[in-house]
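Trainee: I am new to this structure and would love a close look at a single part. Could you take one salt bridge and walk me through it, then show me how the rest fits around it?

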Amino acid sequence: MYQALTQTERERIDSIVSGLSNRQKIGQTFCINTGKQTPEQVAEIVAEYAIGGIYQAYRPVADATAVTAAAQAAAAVPVVAAADLVNGPGSRLINATLFPWQMAVGAADSEDLAEKM
């Protein structure tokens, strides 16, 4: 559900953005696929280019957690961490729970089961 930002939230965002250089502002518009990069490599890229987001895929959950932590630690502004998890974490992360495809959820004909997922 959409909720408008409060005045305090707007002021915090304005304060952060006004402190960024043009190069950093441009970097914030990029989201990199972390692929098979190590946490150290991701941190180096995030710090060097002021990257605003990371995309996680095809790695164990513990590795994804380490990559996210490294990116956050290297960033001047909090990094958006993203992944395509439409079928649960197992959709993109190794050894994680994989939920049924949406067609299967619909075929189960159970709103309660769909809500629990």
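Mentor: Gladly! Let's start with aspartate 112 and lysine 116, whose side chains form a salt bridge with the closest N and O atoms 3.3 Å apart. The term salt bridge here means a side-chain nitrogen of Lys or Arg within 4 Å of a carboxyl oxygen of Asp or Glu. Because aspartate 112 and lysine 116 are 4 residues apart in helix α6 (residues 111–116), about one helical turn separates them. Helices (H or I, at least four residues) and strands (E, at least two) are DSSP runs, numbered from the N terminus. Lysine 116 is exposed, with a relative accessible area of 64%; exposed means over 50%, buried under 20%, and partly exposed in between, with a 1.4 Å probe and protein chains only. In general, side chains of opposite charge can pair when their charged atoms come close.

A word on the background: this is a predicted model, in which local features need pLDDT of at least 70 and side-chain atom pairs count only at pLDDT 80 or more, while totals for chains, interfaces and linings use all residues. Residues are numbered from 1 along each chain as its sequence is written, and side-chain values use heavy atoms, leaving out hydrogens and water.

Just before this helix, aspartate 109 sits in the loop between α5 (102–107) and α6. Its phi is near 55°, a positive value in a residue other than glycine, and aspartate 109 is exposed at 72% relative accessible area. Tyrosine 58 also has a positive phi, about 55°, although it is not a glycine. You will find tyrosine 58 in the loop between β2 (53–55) and β3 (59–60), and at 56% relative accessibility it counts as exposed.

Now back to charged pairs: the structure holds 2 salt bridges. Besides the pair in α6, arginine 92 and aspartate 84 meet through their side chains at 3.0 Å, N to O. Arginine 92 counts as partly exposed at 21% relative accessibility, and so does aspartate 84 at 31%.

Finally, look at the interior. The largest nonpolar core has 9 residues, among them Ile32, Val42, Ile54 and Val67; such a core is a set of buried Ala, Val, Leu, Ile, Met, Phe, Trp, Tyr and Cys residues joined through side-chain atoms within 4.5 Å. The elements giving two or more residues to this core are α3 (39–49) and α4 (61–74).
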